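Q: Please take a close look at one part of this structure and explain how that part fits into the whole. A formal account suitable for a first-year student would be welcome.

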Amino acid sequence: MSAITLRDHPGSTIVTDSVTSNGLTKFITDLGGKHLRFKRGYKNVIGKGIELNKQGVDCHLMMETSGHGAVKDNWFLDDGAFLAVQVRCGIAPARAPARCSGARVPRKMFITLLIR
């Protein structure tokens, strides 16, 4: 989800819960985003994203390691079906040989994310 979000919203802050790894931070920053770890609990993570946006910080994705997550484009709702469609639509351009709009995310990154 981070790769898809940053393709569509370069430089966005991504909020996750506190137990995420330094590897995720590197992944996000390598794609040009900012990573903010916050308290555990999906309501805390989503609430922090809403708060950041109210403060003028561009934050389009809030994800907890349990799989709960929300995006700004879906009114910050914890909606697994919406996230699944976003992932599916994000994979399609990576598999296509033609260039897609925005930054290209290598297919290997998507496959790695799906396996994990």
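A: The account below begins with the whole chain and then turns to one loop and its surroundings.

The structure is a predicted model. The mean pLDDT of the protein chain is 82, and 78% of its residues reach 70 or more. One stretch calls for caution: over residues 98-103, pLDDT stays under 50. For these residues the model has six contacts beyond four places in sequence. Where pLDDT is low, the predicted coordinates should not be read in detail.

The protein chain contains five helices and four strands. Read along the sequence, these elements follow the pattern α-β-α-β-α-β-β-α-α. Of the 116 residues in the protein chain, 35% are buried. The chain exposes about 6700 Å², and carbon and sulfur atoms supply 58% of that area. Among contacts between residues at least 6 apart in sequence, 38% join residues at least 24 apart.

The part chosen for the close look is the loop between strand 4, residues 69-71, and helix 4, residues 80-95. Asp73 is found in this loop. Its relative accessibility is 45%, so Asp73 counts as partly exposed, since that class lies between the limits of 20% and 50%. Leaving aside residues up to four places away in sequence, Asp73 touches His9 and His60. With His9 there is also a polar contact: the side chains of Asp73 and His9 are joined at 3.2 Å.

Two further residues of the loop deserve attention for their backbone angles. Trp75 lies in the loop between strand 4 and helix 4, and its phi is near 55°, a positive value in a residue other than glycine. Phe76 lies in that loop as well; its phi is also positive, at about 65°, although Phe76 is not a glycine. Trp75 has a relative accessible area of 68% and is therefore exposed, as the limit for that class is over 50%.

From the loop, the view can pass to Leu61. The C-alpha atoms of Asp73 and Leu61 are separated by 9.0 Å, and the two residues are twelve apart along the chain. Beyond four places in sequence, Leu61 touches Met1, Ser2, Thr5, Thr13, Ile14, Val15, Ala70 and Val71. Leu61 also belongs to the largest nonpolar core, which has eight residues. The other members are Met1, Leu6, Ile14, Ile28, Met63, Val71 and Leu83. A second, separate core has seven residues, including Ile46, Leu52, Met62 and Ala70.

Thr16 offers a contrasting case to the loop residues. Thr16 is found in strand 1, residues 13-17. Its relative accessible area is 3%, and Thr16 is therefore buried, because buried means under 20%. The side chain of Thr16 makes two polar contacts that can be described here: one with the side chain of Thr20 at 2.9 Å, and one with the side chain of His35 at 2.6 Å. Not counting residues up to four places away in sequence, Thr16 touches Leu24, His35, Leu36, Arg37, Phe38, Val45 and Met63. Met63 is itself a member of the largest nonpolar core.

In review, Asp73 is partly exposed, Trp75 is exposed and Thr16 is buried. The loop holding Asp73 is linked to His9 through a polar contact between side chains.

Note on methods
Residues are numbered from 1 along each chain as its sequence is written. This is a predicted model: local features need pLDDT of at least 70, side-chain atom pairs count only at pLDDT 80 or more; totals for chains, interfaces and linings use all residues. Side-chain values use heavy atoms; hydrogens and water are left out. pLDDT is the predictor's confidence in each residue, from 0 to 100. Contact means heavy atoms within 4.5 Å. Helices (H or I, at least four residues) and strands (E, at least two) are DSSP runs, numbered from the N terminus. Buried means under 20% relative accessible area, exposed over 50%, partly exposed in between (1.4 Å probe, protein chains only). A polar contact is a pair of N or O atoms within 3.5 Å; within protein, one must be able to donate a hydrogen and the other to accept it, and residues adjacent in sequence count only if both atoms are side-chain atoms. Accessible areas come from the Shrake-Rupley method with a 1.4 Å probe; for residues, only the protein chains shown count as cover. A nonpolar core is a set of buried Ala, Val, Leu, Ile, Met, Phe, Trp, Tyr and Cys residues joined through side-chain atoms within 4.5 Å.
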